[in-house]
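Here are some exercises to work through with the model open beside you. Try each task first, then follow the solution step by step.

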Amino acid sequence: MRLFRVMAGQEGSRGLPDFLNHHYVSCGLPGLGDLGLVGLTELGVKLRQTHGLDGRELERQLEAHWNFAHALEDGDYVVAGDGERLYLGDLGDYYYLETFDNAEERSGHRRGVTWLRRLERSELHPELAAFLGEEGESGLFGRSVAPEELERLLSPPSAAEVPPLVDEATLREALDVLRAALRSDDPERRERAAAAIVRAAALRA
């Protein structure tokens, strides 16, 4: 399944409260008509003619609109947020509401959502947090994710995922130095080396 992100506003039909209360998300520019009825080339022409886009901005908007209307499928997931709050939802099909396809509402392009739970940004895996912090109103996660990986992304990294501060080879080298110090003629040095070895053994136990 795919994971999509949408930046919501504070109020109105593009606001997070309306998303939550009426079970949908919306993104995209107005005046393009039903995106479900156009192909990729025609969508590019509409964006160019209606909004004067070209170059990299045209490519970016074309990708975003196409992903929202066509690349996502029923059962994919969305994270919607307004900068403070984040919510995870199960996406439904794309649909178009002409009444809301104007410069004021800007919410004619929609997908139904079954909201699942609120997320705490501080508890997310860094990979997901970085994705949600990317620029742009919307975005598609770089790869498909299985349900078990989604749960991993919604949680802080486990101890097994956190790389050690010192690699194993360096630790072995340090222990060799301490072992050599145990044979020193200096009693104080031998004592410090012994204490350091005992502490290291306790931490690795």
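A word before you start: this is a predicted model.

**Exercise 1. Work out the order of the strands in the sheet, and find which strands stand at its edges.**

Step 1. Start with β3 (residues 77-81) and β4 (residues 86-96), which pair in the antiparallel sense over five bridges. Two places to check are V78, opposite G89 in β4, and V79, opposite L88 in β4. The hairpin of these two strands has four residues between them, and G83 there takes a positive phi near 100 degrees.

Step 2. Move from β4 to β5 (residues 109-119): the two run antiparallel and are joined by nine bridges. D90 has T114 in β5 as its bridge partner.

Step 3. Now turn to β1. With β3 it pairs in the parallel sense over five bridges, and M7 stands opposite G81 in β3. With β6, β1 pairs in the antiparallel sense over three bridges; V6 has S138 in β6 as its bridge partner.

Step 4. Put the pieces together. The six strands form an open sheet with mixed pairing, in the order β2-β5-β4-β3-β1-β6. β2 (24-26) and β6 each have a single partner strand, so they stand at the edges and one side of each lacks a neighbour in the sheet. On average, neighbouring strands of this sheet are turned by 35 degrees against each other, direction ignored.

**Exercise 2. Decide whether β1 is largely enclosed or open, and find which strands α3 lies across.**

Step 1. Count the buried residues of β1, where buried means under 20% relative accessible area. Four of its five residues pass, so β1 is largely enclosed by the rest of the structure.

Step 2. Look at α3 next. This helix lies across β1, β2, β4, β5 and β6, and runs at about 85 degrees to β5.

**Exercise 3. Find the residues that touch the most other members of the largest nonpolar core, and say which element gives the largest share.**

Step 1. The largest nonpolar core holds 28 residues, and those touching the most other members are F4, F19, V25, L47, V78 and W115.

Step 2. Trace where the members come from. Two or more residues are given by each of β1, α1, β2, α2 (40-51), α3, β3, β4 and β5. The largest share is that of α3, with four residues.

Step 3. Look beyond this core. A second, separate core has 15 residues, including L3, L132, L150 and L154.

Step 4. Pick V25 and list its contacts, leaving out residues up to four places away in sequence. Among them are F19, F68, V78, A80, L91 and W115, together with H109, R110, R111 and V113.

**Exercise 4. Sort three salt bridges by where their partners lie in the chain, and say how buried or exposed the partners are.**

Step 1. Recall the background: side chains of opposite charge can pair when their charged atoms come close. The cut-off here is a nitrogen-to-oxygen distance within 4 Å, and by this rule the model has eleven salt bridges.

Step 2. Take R14 and E137, whose side chains meet in a salt bridge at 2.0 Å, N to O. R14 is in the loop between β1 (3-7) and α1 (16-22), and E137 in the loop between α4 (126-132) and β6 (138-140); being 123 residues apart, the pair links distant parts of the chain. R14 is buried at a relative accessible area of 10%, while E137 is partly exposed at 29%.

Step 3. Compare R56 and E59, which form a salt bridge at 3.8 Å, N to O. Both lie in helix α3 (residues 55-71), three residues apart, or about one turn of the helix. R56 is exposed, with 53% relative accessibility.

Step 4. Finish with E149 and R152, a salt bridge at 3.2 Å, N to O. These two are three residues apart in helix α5 (residues 147-153), so about one helical turn separates them. E149 is buried at 19% relative accessibility, whereas R152 is partly exposed at 27%.

Step 5. Follow this last pair outward: E149 and R152 belong to a network of salt bridges that also links E127 and R143.

Methods. Residues numbered from 1 in each chain as written. Predicted model: local features only at pLDDT ≥ 70, side-chain atom pairs only at ≥ 80, totals over all residues. Heavy atoms only, no water. Buried < 20%, exposed > 50% of the residue type's maximum accessible area, 1.4 Å probe, protein only. Pairing = 2+ DSSP bridges. Axes fitted to C-alpha atoms, helices over the stretch in contact; angles between N-to-C directions. Contact = heavy atoms within 4.5 Å. Core = buried A, V, L, I, M, F, W, Y, C linked by side-chain atoms within 4.5 Å.
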